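These are my notebook entries on one model, kept in the order in which I looked things up. I wanted to know how its charged side chains pair and how its elements pack.

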Amino acid sequence: MKTFVYYVVLDDLFNGLENRFNQETLDLIHAIGRMMQHKMESSDIDILTKKFDLHRDEFEGELRLIHAIPDFEEGTSNNTLHKWLEKLSVLGNFINVHKTLKLFSTIPVTTCSCERAFSKLSLVKTKLRSQMKQKRLDSMMMIFVEQELASQINLEDIIDEFKSIYPGTRRLEL
C-alpha cells in the first residue's frame with residue numbers, strides 16, 4: 001500500500017508543484033528565505049538584485065547592517081516577514097531590503113485571483129451594461145471581486161463622508 005499508493009501520490013504532488021512553479025520563482029522564494037535566515041549566498045544576492053532592480057553594493061551593505069542588529073529574528077514564516085517589514089518601515093534606512101520584502105510579499109503565488117476576476121467580469125459587464133465607461137467598470141469590479149470587504153463597509157459612514165465632501169442640501173429628484 002505504501003509503495004503503490006502513498007509514494008505514487010507524493011510523487012505526483014511533487015511533480016505538480018514543479019510544473020506549477022517555474023525555477024525562477026522557486027529560486028526567488030529560496031533566496032528570500034535564506035535572507036530572512038541570515039544565510040545569504042552570492043547567487044541569492046544576484047537573484048534579488050536582478051529581480052527587484054537593486055544596486056548590489058547598497059543591498060549587501062544593508063544586509064550586513066541588518067544581520068548586526070539583534071532585533072531581527074530569523075525564520076521564514078509569514079509572521080517573521082511581517083515583523084521584518086514593520087521594523088524596516090520604522091527604521092527607514094534599509095530602503096533596498098524593505099523594497100525587496102514589500103515587492104516579494106505582493107507577488108501572487110497562484111493565478112486563482114486573476115482567474116476569479118475574469119470570471120466575474122462576465123457577470124458585471126453584461127449586454128445591458130456594455131456602454132459603461134472604464135472608471136465605472138473598474139469600481140464595480142473592485143466591489144464585486146472584494147465582496148467580503150465590501151460587505152463590512154458601513155453605509156452610514158459613506159453617507160456622512162459624502163455629506164462632508166459635498167456640503168449643502170442634495171436631493172434626489174424622482
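Entry 1, a pair within one helix. I began with R56 and E60, which sit four residues apart in helix α4 and are therefore separated by about one helical turn. The model is a predicted one, and in it the two side chains form a salt bridge whose closest N and O atoms are 3.8 Å apart. I noted the general background that an α-helix has 3.6 residues a turn, so residues three or four places apart point the same way. R56 is partly exposed at a relative accessible area of 26%, and E60 is partly exposed as well, at 21%. I then looked up what else belongs to this group, and found that D46, R56 and E60 are linked in a network of salt bridges. I also checked E60 against S42, which is 18 residues away along the chain, and their C-alpha atoms are separated by 9.5 Å.

Entry 2, pairs between helices. How many salt bridges does the structure hold? I found four. One of them joins the side chains of K51 and E24, at 3.9 Å from N to O. K51 belongs to helix α3 (residues 42–52) and E24 to helix α2, so this pair ties together parts that are 27 residues apart in sequence. K51 is partly exposed, with a relative accessible area of 41%, whereas E24 counts as exposed at 53%. Another salt bridge is made by D44 and R34, with 2.6 Å between N and O. Because D44 lies in helix α3 and R34 in helix α2, this pair ties together parts that are ten residues apart in sequence. Is D44 buried or exposed? I recorded D44 as buried, since its relative accessible area is 0%, while R34 is partly exposed at 25%.

Entry 3, helix α5. I turned to α5, which runs over residues 78–91, and compared its length with expectation: at 1.5 Å a residue its 14 residues should span 20 Å, and the end C-alpha atoms are 20 Å apart, which agrees. Which residues of α5 are buried? They are T80, L81, W84, L85 and L88. These cover an arc of only 135° around the axis, which puts them on the same side of α5. On the other side of α5, I found N78, N79, E86 and V90 exposed. The buried residues pack against α2 (23–36), α4 (56–68) and α6 (95–106). N78 itself has a relative accessible area of 57%, and its C-alpha atom is 9.1 Å from that of S105, although the two are 27 residues apart in sequence. Just after α5, G92 takes a positive phi of about 75°.

Entry 4, the surface. I looked up a nonpolar surface patch of about 570 Å², and found that V5, Y6, Y7, V9, L10 and L13 make it. V5 lies in helix α1 (residues 2–20) and is partly exposed, with a relative accessible area of 39%.

Entry 5, the whole chain. I counted ten helices and zero strands in the protein chain. Of its 174 residues, 22% are buried. The chain exposes about 13,800 Å², and carbon and sulfur atoms supply 57% of that area. Among contacts with a separation of 6 or more, 50% come from residues 24 or more positions apart.

Note on methods. Residues are numbered from 1 along each chain as its sequence is written. This is a predicted model: local features need pLDDT of at least 70, side-chain atom pairs count only at pLDDT 80 or more; totals for chains, interfaces and linings use all residues. Side-chain values use heavy atoms; hydrogens and water are left out. Patches are made of residues with over 30% relative accessible area and no salt bridge: like charges are joined within 9 Å, nonpolar side chains (Val, Leu, Ile, Met, Phe, Trp, Tyr) within 5 Å. Accessible areas come from the Shrake-Rupley method with a 1.4 Å probe; for residues, only the protein chains shown count as cover. Helices (H or I, at least four residues) and strands (E, at least two) are DSSP runs, numbered from the N terminus. Buried means under 20% relative accessible area, exposed over 50%, partly exposed in between (1.4 Å probe, protein chains only). Contact means heavy atoms within 4.5 Å. The expected span of a helix is 1.5 Å times one less than its number of residues. The arc is that of the directions from the helix axis to the C-beta atoms.
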